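Q: I would like to learn how to read a two-chain model, one feature at a time. Could we start with a helix and what surrounds it?

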Amino acid sequence: MKQFVSVEAKFDTDGNLLPLSIIWDDGRKFEIDRVTDVRYAASLKSGGRGLRYTCRIGNHLRYLYLDDNRWFIEKPE
Amino acid sequence: MNEYNKSINQAVNKNVNENTTSPETSKKENTASSPSSLQKGVYEKIGKDKRQRVILHSDCNSFYASVECLYNPDIRNKPVAVSGNPENRHGIILTKNEIAKRFGIKTGEPIWQAKNKCPELITVEPHFDLYKRFSKMTREIYSDYSDRIEGFGLDEAWIDVTDSEKFIGKGENIAREINKRVKQELGITVSIGVSFNKIFSKFGSDYKKPDAITVINKENYRDIVWNSPAQDLLYVGKATKKKMNSLGIYTIGEIANTPIETLRYYFGKWGYVLWAFANGYDTSPVARTDEQETVKSIGNSTTAPRDLNDFEDVKSVMTVLCDCVCRRLRANGFKAKTLQITIRDKFLMSFNRQMTFDTPTNITKQITENALSLFYRSYSWSAPIRSLGIALSDFSGDNTPYQISFFNDEKKKQKLEALDKTIDILKGRFGNYSLVTANLLKNPELSHFNPYDDHTVHPVGFF
């Protein structure tokens with residue numbers, strides 16, 4: 001399932017955009033510890049495509065997508 | 001097209017001249033008129049000394065349907081077709097996915113007919129903005145491999161990688177990489193043909209589908225291309241196929257081996273072209289990405305949600321179409337001298353009428369009035385009208401000086417031009433419906449459509 005989320009992000013001096021935390025729709029905030037990979041990718045699971053950030057949040061790896069200025073994640077079923 | 005004919009013509013003529021003026025007169029003259037010698041000459045002229053090019057043709061499989069299925073995982077494993085809205089009488093199949101294809105559903109057939117073949121068919125409305133975005137994204141991927149990318153519609157493109165081979169690898173490997181990247185990054189599949197000219201590479205991308213790569217080189221084209229039916233060649237449509245079959249030509253190989261005069265006799269200049277296509281002599285270049293194609297005409301047409309029964313109906317639809325076409329004309333910085341209208345009645349009989357203006361114009365009011373008066377003069381209401389179209393051509397730049405006349409009210413013209421400019425700005429800022437002429441309010445069901453922002457997918461030809 002596709003879940004659009006709010007994201008706090010930072011532009012660095014080179015113009016790169018880096019997500020810092022994901023804010024869930026119930027207000028919970030998850031800090032992103034590290035972004036390990038950035039590439040364009042399709043998400044067959046959630047239906048869509050975009051710039052895919054592979055994020056480490058605690059012990060989990062999560063894909064965060066940016067498409068047409070909206071962020072979304074693959075929500076577990 | 002012209003270049004084509006020129007090069008082939010030159011080759012043929014030169015060959016004839018050379019032969020007829022040669023010293024061994026009588027013998028040569030006889031052979032000059034014989035097809036085989038003539039053909040040989042053309043072979044030599046066109047085929048010789050050309051550095052072998054490497055051209056890919058990439059075709060997104062079931063493009064609209066694939067994009068829809070990507071965004072909607074629930075329908076991905078069901079038969080899906082993208083179709084127009086039947087309530088507006090645009091209810092035909094635009095594309096279908098692989099599963100729907102297995103039911104024999106064809107592009108262009110009405111929805112009811114498709115549902116007869118497959119009752120569980122899911123039809124979705126098209127999202128052209130999304131398709132345009134995907135088309136742009138595929139081109140961005142191609143542009144990593146060459147600066148020669150020529151689009152053919154939204155979903156197809158030729159990529160000339162002749163010069164990239166040195167740096168990136170063989171054409172086939174580039175094709176494999178593009179295929180993989182499109183799948184991973186965009187979630188859709190492409191079929192790619194790799195060959196030494198544009199026609200065979202397009203043939204290759206159609207040869208195996210979906211998600212496949214076909215290499216057609218000088219060694220194997222006789223096996224692959226020549227054994228295929230004649231209608232698989234670009235520009236052999238239904239009518240040409242029928243005519244070819246009546247001449248006993250059924251395969252592309254048979255086109256290639258038919259004497260060129262025979263084809264010229266039956267098909268005119270197209271005979272040359274098809275013969276050259278079939279033999280792999282297509283030399284047309286893949287356009288550079290930065291080469292802008294010159295616009296020759298701007299037009300819009302629409303099928304009305306119900307049949308148009310009187311002049312008032314026509315006025316509503318025509319006003320919207322003229323407004324859109326004139327806005328596009330001004331946005332491109334043109335004035336037009338020729339106006340053409342297309343009328344199609346409910347029995348699908350259609351015809352065009354055109355007129356020219358004394359001086360080039362881009363004034364909406366003037367163009368609309370002329371389009372309506374042209375319509376008034378050309379149509380006798382033999383049947384209600386199903387669709388209307390308007391096109392402007394014969395362009396000049398909108399700041400090109402022109403001869404003004406004593407008999408025209410130039411001041412009024414200037415005022416109207418200023419008014420149009422203001423309307424364009426307002427519509428650009430606040431949307432198409434922010435400002436409409438009062439007569440459109442009478443007939444909202446006919447006039448509430450927006451050709452300016454919708455359906456701006458332009459058909460293209462090879463030449």
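A: Happily! The elements of chain B that cover the buried residues of α10(B) include β1 (55-60), β6 (156-160), β7 (190-195), β8 (213-215), α11 (221-224) and α15 (269-279). Helices (H or I, at least four residues) and strands (E, at least two) are DSSP runs, numbered from the N terminus. Keep in mind that this is a predicted model: local features need pLDDT of at least 70 and side-chain atom pairs count only at pLDDT 80 or more, while totals for chains, interfaces and linings use all residues. Residues are numbered from 1 along each chain as its sequence is written, and chains are lettered from A and ligands numbered from 1 in the order in which they are written.

Q: How many residues of α10(B) are buried?
A: A residue is buried if 20 or more other C-beta atoms lie within 10 Å of its own, exposed if 12 or fewer, and partly exposed in between, with C-beta atoms placed from the backbone. In α10 of chain B (residues 198-207), eight of the 10 residues are buried. Among them are B:Ile199, B:Phe200 and B:Phe203.

Q: What share of the residues in chain B is buried?
A: Buried residues account for 33% of the 463 in chain B. For chain A, with 77 residues, the share is 21%.

Q: Which secondary structure does each chain have?
A: Chain A has zero helices and seven strands, and its pattern along the sequence reads β-β-β-β-β-β-β. Chain B has 19 helices and 12 strands.

Q: How do I read the radius of gyration of chain A?
A: Take it over C-alpha atoms and set it beside the globule rule, 2.2 Å times the number of residues to the power 0.38. For 77 residues a compact globule would come out near 11 Å, and the 12 Å of chain A agrees with that. The C-alpha atoms of chain A fill a box of roughly 35 × 25 × 20 Å along the principal axes.

Q: And what do contacts tell me about sequence separation?
A: Two residues are in contact if their C-beta atoms, placed from the backbone, lie within 7 Å. Of the contacts in chain A with a separation of 6 or more, 30% join residues 24 or more positions apart. In chain B, that share is 62%.

Q: Which parts of chain A touch chain B?
A: Seven residues of chain A are in contact with eight residues of chain B. On the chain A side, β4 (34-43) and β5 (48-57) each supply at least two residues, and β4(A) gives the largest share, three residues.

Q: How do I read a sheet, such as the one with β9, β12, β10 and β11 of chain B?
A: Look for paired strands: two strands pair if DSSP finds at least two bridges between them. Here the four strands form an open antiparallel sheet in the order β9-β12-β10-β11. Its edges are β9 (297-308) and β11 (350-361) of chain B, each pairing on one side only. Strand β10 (334-345) of chain B joins β11(B) through eight bridges, and B:Ile341 has B:Arg353 as its bridge partner in β11(B).

Q: Which helix of chain B lies across β10, β11 and β12?
A: That is α17 (residues 364-378) of chain B, running at about 35 degrees to β10(B). Axes are lines fitted to C-alpha atoms, for helices over the stretch in contact, and angles run from 0 to 180 degrees between N-to-C directions.
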